[in-house]
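Student: I am new to this structure and would like a close look at one part of it, the nonpolar core, together with whatever lies around it. Could you take me through it slowly?

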Amino acid sequence: MTHLECIFPVAGLGTRFLPATKEIPKEMVPLLDRPVIHYGVDEARNSGCPKMIMVTGRSKGCLEDYFDRSWELERILESRGKKRLLDAVRETSSMGDILSVRQNAPLGLGHAVLCGEPLCNGEFFSVILPDDVMEGEPPVLRQLIDVHDALGGSVLALEEVSDADVSRYGMVAVEPSETDGVFRIIDMIEKPSPADAPSRLAVMGRYVLSRRIFDLLKSQPKGAGGEYQLTDGIRTLIGEEPVWGVVYKGERYDCGTLEGWLDATVRMACRRKDLAGVVERAMSSAGK
C-alpha cells in the first residue's frame with residue numbers, strides 16, 4: 001500500500017468569513033467540536049499519509065499549535081479525571097508528522113502546492129483542500145491512492161455537479177476506462193459556463209500528483225487572476241503522463257463559504273445522537 005506525503009494549502013485569507021478570520025484562520029473555524037483542518041488531517045492519516053505539509057501564511061501559527069502537545073492542559077484534565085477530553089486532546093498531537101512552510105505571497109493554489117516541494121521526497125504526493133470536508137469508506141483520499149496503485153499516474157477526485165454549479169469548479173473532459181467510476185482525463189477547463197463545460201464532472205479538493213507538476217508550475221506563466229493555477233499545471237501534465245479521475249464514494253461538506261459551513265454544521269449535528277435534539281428544538285422554535 002502506497003504512503004504519500006500530503007500537502008495542505010492553508011495560507012488563504014478567509015475573506016468569506018470576515019471579521020472572524022481577521023485573527024482566526026478559517027481552517028480553525030469549528031465544525032462541531034473540532035476545527036475544519038482536523039477533518040482533513042484525519043482523512044490523510046486514515047489514508048496512510050505519514051507526513052502532513054501545511055503551506056501557511058502570516059498569522060497561521062495556531063494551526064501548528066493545534067497539532068502540538070499542550071502539556072499544561074493535559075495535566076489539568078488528567079488531575080480532574082477528564083479522561084475522554086484528555087484522550088481527545090492527546091489525539092490531535094498524534095495524527096502524524098506535521099510540518100509547515102510559508103507561502104509568502106498570495107499567488108494562487110499552484111504556487112501554494114509548489115511551496116511544499118522541498119518537503120516532498122517521493123515520486124508522487126497528495127493534496128487535500130481542507131475547505132472540502134469529505135467522509136467516505138475507505139477515506140476519499142485513500143480511494144484515489146488505490147487507483148494510483150492500480151493504474152499509476154496522477155488521480156483527481158471527481159463529482160457530478162448541476163448546471164448551476166459548473167462555473168464554480170474546474171470541469172474535466174474524460175474518456176471511459178475499464179474500471180467503473182474511473183476515467184482518463186483528457187482536458188480541464190477552470191470555471192467555465194455551462195455551455196462551455198466538457199462534462200458535468202467537477203474536480204473536488206483531493207489530488208494525487210506526480211512530482212513532475214512541480215517543474216511545470218515553475219515554468220508556466222501566471223494564469224487567471226494573475227495567479228499560478230494548479231489547473232494549468234495539470235492540463236500540461238495531461239499531455240505527458242496519465243491523469244485519472246475518480247468519482248469518489250462518500251459525502252462532501254463545502255465549508256469554504258458561510259452558507260456551506262452552516263449547512264455542514266447542521267447536517268453533521270443531525271447525525272449525532274447528542275446534538276440532533278438541539279437542532280430539532282431550534283428548528284421548531286424558529287418555525288413559531
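**The core and its surroundings**

Tutor: In this predicted model, the largest nonpolar core holds 37 residues, and among these Phe8, Ile37, Val41, Met54 and Val208 touch the most other members. Helix H6, which covers residues 140-151, gives the most to this core, with 5 residues. Apart from this core lies another one, of 29 residues, which includes Ala112, Leu158, Ile185 and Met188.

Val208 is a good place to begin looking, and it belongs to strand S11 (201-210). Leaving aside residues up to four places away in sequence, Val208 touches Leu4, Phe124, Phe125, Ser126, Leu141, Leu144, Ile145, His148, Ser154 and Val155.

Leu141 and Ile145 appear again when we turn to Ser47, a residue in the loop between helix H1 (36-46) and strand S4 (51-56). Once residues up to four places away in sequence are set aside, Ser47 touches Pro139, Leu141, Arg142 and Ile145. Ser47 has a relative accessibility of 1%, so it counts as buried, and its side chain reaches the backbone oxygen of Glu43 at a distance of 2.7 Å.

The loop that leads into H6 deserves a careful look as well, since that is where Pro138 is placed, between strand S7 (132-135) and the helix. The peptide bond joining Glu137 to Pro138 is cis, with an omega of about 5°. A second cis peptide bond joins Leu18 and Pro19, where omega is also about 5°, and Pro19 lies in the loop that runs between strand S1 (6-9) and strand S2 (30-31). These bonds are worth pausing over because most peptide bonds are trans.

Backbone angles give two further places to stop, because most residues other than glycine have a negative phi. Leu32, in the loop between S2 and strand S3 (34-35), has a positive phi near 60°. With a relative accessible area of 22%, Leu32 is partly exposed, and since buried means under 20%, it falls outside that class. Lys191 also has a positive phi, near 50°, and is placed in the loop between strand S10 (182-190) and strand S11.

To return to the starting point, S11 is thus the strand that follows the loop of Lys191, while Val208 is one of the residues that touch the most other members of the largest nonpolar core.

Notes: Residues are numbered from 1 along each chain as its sequence is written. This is a predicted model: local features need pLDDT of at least 70, side-chain atom pairs count only at pLDDT 80 or more; totals for chains, interfaces and linings use all residues. Side-chain values use heavy atoms; hydrogens and water are left out. A nonpolar core is a set of buried Ala, Val, Leu, Ile, Met, Phe, Trp, Tyr and Cys residues joined through side-chain atoms within 4.5 Å. Buried means under 20% relative accessible area, exposed over 50%, partly exposed in between (1.4 Å probe, protein chains only). Helices (H or I, at least four residues) and strands (E, at least two) are DSSP runs, numbered from the N terminus. Contact means heavy atoms within 4.5 Å. A polar contact is a pair of N or O atoms within 3.5 Å; within protein, one must be able to donate a hydrogen and the other to accept it, and residues adjacent in sequence count only if both atoms are side-chain atoms.
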